[in-house]
Amino acid sequence: MTVGQRLKRFRTRKGLTQKQLGLAVGFDNRTADIRIAQYETGTRKPKDKYIEKLAAIVDVQPSALEVSEVKSYEHLFQLLFALEDEYGLKISKDEHGTPCLVPDIYSSSSHCDTFRAWYKKSEQLKNGEITQEQYDDWRYQYPASSARETHEALKALRQQKEENEI
């Protein structure tokens, strides 16, 4: 998916028109919708300074807009192989013998923590504890969303401790 396709997905998720997004970024009223349309169709690619602004407006991390385009299965697997080399992602089998990808628990505990958090969110979605929108917000705002949840959990623990002391 291109930057433009991802931008369109996030823009429509937020219920914004091309014109509204263009104006929010600071483009001229005459060309605001045209510029966004050019980004979404791939005619133009937004400069870094606009990537930051666009991401903030559609409430995602800038990296969510800049995910590498996967053009084919060959490209997908080369990306997965690179993730194996660079981040310790390993191929394994689940309890049914189906191949699956797992983090190498010895390469980086933070990667395992991220996979655990992702799995937890995925299970919450599957069990109806959160909506698709909440799940997407968590994914597209990661790692800020994870830090926010950790902060909220610590705050709740402190409050519980204070209540128990009273």
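## Helices H1 and H8

Helices H1 and H8 are oblique to each other, because an angle counts as oblique when it falls outside the roughly parallel, roughly perpendicular and roughly antiparallel ranges, the last of which takes in angles over 145 degrees. In this predicted model, the axes of H1, which covers residues 3-13, and H8 come within 13 Å and cross at roughly 135°, and the crossing is left-handed.

On the H1 side the contact is made by Arg6, Arg9, Phe10 and Arg13, while H8 contributes Glu133, Asp136, Asp137 and Tyr140. Sorted by class, the residues in this contact of H1 with H8 comprise 6 charged and 2 nonpolar ones, with no polar residue among them.

## Glutamine 141, between H8 and H9

Helix H8 spans residues 132-140 and helix H9 spans residues 144-165, and glutamine 141 lies in the loop between these two helices. Is glutamine 141 buried or exposed? With a relative accessibility of 10%, glutamine 141 counts as buried, because the cut-off for that label is under 20% relative accessible area.

Leaving aside residues up to four places away in sequence, glutamine 141 touches Asp59, Val60, Gln61 and Arg148.

## The hairpin of S1 and S2

Strand S1, made up of residues 89-93, pairs with strand S2, made up of residues 99-103, in the antiparallel sense and over 5 bridges. Two of the pairings can be named: leucine 89 has proline 103 in S2 as its bridge partner, and lysine 93 stands opposite proline 99 in S2.

The two strands, S1 and S2, form a hairpin with 5 residues between them, and in the turn glycine 97 has a positive phi of about 85°. As a general point for reading such a pair, side chains in a regular strand alternate between the two faces of the sheet.

## Leucine 80 in helix H6

Leucine 80 is found in helix H6, which runs over residues 73-87. The relative accessible area of leucine 80 is 21%, so this residue is classed as partly exposed, given that buried is reserved for values under 20%.

Which residues does leucine 80 touch, when those up to four places away in sequence are not counted? The contacts are Leu89 and Leu101; Leu89 belongs to strand S1 (residues 89-93), and Leu101 falls within strand S2 (residues 99-103), which places contacts of this H6 residue on both strands of the hairpin. Leucine 80 and glutamate 163, by contrast, are 83 residues apart in sequence and 48 Å apart in space, taken from C-alpha to C-alpha.

Key. Residues are numbered from 1 along each chain as its sequence is written. This is a predicted model: local features need pLDDT of at least 70, side-chain atom pairs count only at pLDDT 80 or more; totals for chains, interfaces and linings use all residues. Side-chain values use heavy atoms; hydrogens and water are left out. Helices (H or I, at least four residues) and strands (E, at least two) are DSSP runs, numbered from the N terminus. Buried means under 20% relative accessible area, exposed over 50%, partly exposed in between (1.4 Å probe, protein chains only). Contact means heavy atoms within 4.5 Å. Two strands pair if DSSP finds at least two bridges between them. Axes are lines fitted to C-alpha atoms, for helices over the stretch in contact, and angles run from 0 to 180 degrees between N-to-C directions. Angles under 35 degrees count as roughly parallel, over 145 as roughly antiparallel, 65 to 115 as roughly perpendicular and the rest as oblique. A crossing is left-handed if the near helix is turned anticlockwise from the far one by less than a right angle, and right-handed if clockwise. Ala, Val, Leu, Ile, Met, Phe, Trp, Tyr, Cys and Pro count as nonpolar, Asp, Glu, Lys and Arg as charged, and the others, Gly among them, as polar.
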